[in-house]
Every structure is written in C-alpha cells, then in structure tokens.
Amino acid sequence: MIVLAIDTAGAGCYAALYDSDQDAVLGAAGAEIGRGHAERLMEFVDAALDAAGMDLAAVGRIAVTVGPGSFTGIRVGVAAARGLALALGVPAVGVSTLSALAAEHGAGAPLLVAMDAKRDEVYCQRFAADGVEASPPALATLSEARDIAAGHEGALAGSAAALLRDDAAPAADGVSIVTVARLGARLDPSSHQPKPLYLRGPDAKPQAGFAIRRA
C-alpha cells in the first residue's frame with residue numbers, strides 16, 4: 001500500500017510517499033517553515049510525488065498528524081488530508097504527535113511523553129512498555145505534570161521532559177515524516193479518523209461588548 005503522509009502539526013511542513021509492503025520511503029519533501037503551511041503544503045506534496053515518480057492515483061491511504069501542536073497547522077493538514085482522501089476515494093487516518101514521539105523513542109520500557117505547551121502547561125500521555133497507550137492524551141499544569149512524572153517508573157520523552165525530571169535530557173518535539181507514514185499504515189481508519197486533537201482552546205476569542213445588535 002502506498003501511503004501519503006502529511007505533517008503540519010509543528011513548525012515543519014512535510015510530505016512523503018511510503019510503501020508499506022516494502023517499508024520504504026519513495027519520496028519526501030518539506031522544510032521547517034514556521035508559518036505558511038497552507039501556502040506551502042501542496043507544493044511539498046507535489047515535490048514528494050515527483051521524487052517518488054508517482055501521481056496521486058497511486059495513493060491508497062493518507063496519514064496526517066492531528067496534534068497536539070500548532071492550532072493553525074493542524075487545521076491545514078487535516079483539511080488537506082480529508083480533501084485528498086475524498087477526491088481519491090481512499091481512507092485517511094490521524095496520527096497523534098504524542099504517539100509519533102513515543103514510536104520514535106521505541107518500546108521496551110514504560111514511557112511518559114511530555115510536550116511543552118507553554119504557559120506552564122504540558123501535553124502528556126503515558127505508554128506501556130510494548131508501546132500501547134496507557135492513558136489518554138491530556139493537558140496538565142506544569143505542577144500536575146511533575147507529579148505525574150514523579151510517580152512514573154520509566155523513561156521520559158518530549159520537549160517538556162527536562163522540565164519534569166532533572167535527569168531527563170532536553171529534546172525537541174519534531175517527528176519524522178517516516179514515523180508518521182509507518183504509524184498511518186498500521187492504524188485502523190475506522191477508529192483513527194483525521195480530526196484535530198485540540199487539548200487547549202484557540203487563543204483567538206470573540207471580544208465581549210462589541211456585538212452588533214440585530215434589528
């Protein structure tokens with residue numbers, strides 16, 4: 001099966017074509033762009049297709065990161081994945097950033113993935129030694145996350161790991177597009193539909209006291 005993987009959940013914007021039968025990346029493109037995912041994503045999809053020597057008709061599944069991460073970036077990636085899946089008549093699956101970070105760390109011991117959500121908050125999720133989710137993804141205060149880490153017997157991963165335990169090494173939250181593709185190839189589309197994983201509400205809120213009265 002050929003998987004088109006898309007990652008726009010962070011500062012990066014990436015796309016890749018992955019052959020799950022051969023466990024091989026056929027073509028990939030992208031860059032750390034910070035902003036402008038909507039303007040650049042399809043450019044990178046086209047570049048990945050060109051590198052693989054394929055067109056969209058060869059794609060049998062679309063995998064996309066659904067967060068937590070950049071509110072706007074997640075919306076762009078999920079909308080693109082849904083649109084492409086509908087046009088091609090193929091399934092689409094959502095891959096959480098926390099799961100991707102856990103997969104990159106590797107199984108073998110219980111794992112707590114902790115992403116720095118800023119504002120003294122942390123996105124976190126626990127995984128069992130075999131890589132299976134042991135808790136749902138959650139948003140915790142830094143104090144709450146430190147309590148979770150204190151009671152966790154295992155490894156830590158993610159950008160907030162060093163904030164939670166002194167012996168944890170600083171890390172980034174960027175995930176490999178190859179990891180996204182591999183996870184997306186294994187997930188069940190019926191239970192992992194691509195929808196944004198927003199653990200915190202958007203920053204933009206309607207201004208109170210400025211509503212226009214209807215006639």
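This is a short walk through the nonpolar cores and the aromatic pair of a predicted model.

Let's begin inside, with the largest nonpolar core, which has 27 residues. Leu4, Ile6, Leu17, Leu41, Val45 and Ile62 are the members that touch the most other members. Which elements give two or more residues to this core? They are the strands β1 (2-7), β2 (12-19) and β4 (61-67), together with the helices α1 (37-52) and α2 (71-88). Of these, α2 gives the most, with seven residues.

To get a feel for such a place, find Ile62 on your screen. Leaving aside residues up to four places away in sequence, Ile62 touches Leu4 and Ile6. Its contacts also take in Ala81, Leu84, Ala85 and Leu88, and then Val90, Pro91, Ala92 and Val93. Apart from this core lies another one, made of 24 residues, and among them are Val3, Val113, Ala181 and Leu183.

Now let's turn to the aromatic rings. How many aromatic pairs does the structure hold? There is one, and Phe71 and Tyr198 form it. Their ring centres lie 4.4 Å apart, and the angle between the planes is 20 degrees. The pair counts as stacked because planes under 30 degrees apart are given that name.

Follow the chain between the two partners and you will see that the pair links distant parts of it, 127 residues apart. Phe71 sits in helix α2, while Tyr198 belongs to the segment after α6 (177-186). Are these two residues buried or exposed? Phe71 has 30% relative accessibility, so it counts as partly exposed. Tyr198, at 31%, therefore counts as partly exposed too.

Technical notes. Residues are numbered from 1 along each chain as its sequence is written. This is a predicted model: local features need pLDDT of at least 70, side-chain atom pairs count only at pLDDT 80 or more; totals for chains, interfaces and linings use all residues. Side-chain values use heavy atoms; hydrogens and water are left out. A nonpolar core is a set of buried Ala, Val, Leu, Ile, Met, Phe, Trp, Tyr and Cys residues joined through side-chain atoms within 4.5 Å. Buried means under 20% relative accessible area, exposed over 50%, partly exposed in between (1.4 Å probe, protein chains only). Helices (H or I, at least four residues) and strands (E, at least two) are DSSP runs, numbered from the N terminus. Contact means heavy atoms within 4.5 Å. Rings of Phe, Tyr and Trp (its six-membered ring) pair if their centres lie within 6.5 Å; planes under 30 degrees apart count as stacked, over 60 as edge-to-face and the rest as tilted.
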